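Hi,

Here's the structure I said I'd pass on. Have a look at it first, and my notes on what turned up are underneath.

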Amino acid sequence: MTHIAAVKKDMVILEKSEFSALRNENEKLGIQVKQLRENLKDEIIKVKGHVSLDLNLERGRAKEVEAEQAKKIDYISNRIDTEVAHVRALMEANKNDVLKYMGGMIVGCLGVVLTFWRLFMT
């Protein structure tokens, strides 16, 4: 019987040591899981930081491009307005010249008609 009691005692000690080993291994795995979670959180924070930085840089570039295009549009608009004003001034000058020459032609033609009328009527 003592032999059976010794075997039982050894089995209980073996079970306790196995249980203790399993508990220790479980605790180690739990610690590793916590470390992995912390590492994952850190990596996620880093990625979020990089993404937000990239987004802000892209927004800045887009604003710069928009400002540059707005400047070009303003320059072209001003140039078009200047050219239109120049063309209008030329048209007004040509209109005045046409009216001046047309008036002179009418006065000249009227003089010729009156001259012929005076020659043939007298």
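Let's start with a lysine and a tyrosine: Lys100 has its charged end over the ring of Tyr101, 5.4 Å from the ring centre. Keep in mind as you read on that this is a predicted model.

Next, the aromatics. Searching the whole structure turns up one aromatic pair. Its members are Phe116 and Phe120, with ring centres 6.1 Å apart and planes at 10°, so they count as stacked. Planes under 30 degrees apart are what earns that label. Both of these phenylalanines belong to helix H1, and they sit four residues apart, about one turn of the helix. As for cover, Phe116 is partly exposed at 46% relative accessibility, while Phe120 is exposed, with a relative accessible area of 67%.

There's also a nonpolar patch on the surface, made up of Tyr75, Ile76, Ile80 and Val84. Together they have about 390 Å² of accessible area. One of them, Val84, is in helix H1, which covers residues 2–121. Val84 has a relative accessible area of 37%, so it's classed as partly exposed.

Last one: Lys71. This lysine is in helix H1 too, and its relative accessible area of 64% makes it exposed. If you want a feel for distances, Lys71 and Glu58 are 13 residues apart in sequence, and their C-alphas are 20 Å apart in space.

Shout if anything is unclear.

Cheers

Key
Residues are numbered from 1 along each chain as its sequence is written. This is a predicted model: local features need pLDDT of at least 70, side-chain atom pairs count only at pLDDT 80 or more; totals for chains, interfaces and linings use all residues. Side-chain values use heavy atoms; hydrogens and water are left out. Patches are made of residues with over 30% relative accessible area and no salt bridge: like charges are joined within 9 Å, nonpolar side chains (Val, Leu, Ile, Met, Phe, Trp, Tyr) within 5 Å. Accessible areas come from the Shrake-Rupley method with a 1.4 Å probe; for residues, only the protein chains shown count as cover. A salt bridge is a side-chain nitrogen of Lys or Arg within 4 Å of a carboxyl oxygen of Asp or Glu. Helices (H or I, at least four residues) and strands (E, at least two) are DSSP runs, numbered from the N terminus. Buried means under 20% relative accessible area, exposed over 50%, partly exposed in between (1.4 Å probe, protein chains only). Rings of Phe, Tyr and Trp (its six-membered ring) pair if their centres lie within 6.5 Å; planes under 30 degrees apart count as stacked, over 60 as edge-to-face and the rest as tilted. A charge sits over a ring if NZ of Lys or CZ of Arg is within 6 Å of the ring centre and within 35 degrees of the ring normal.
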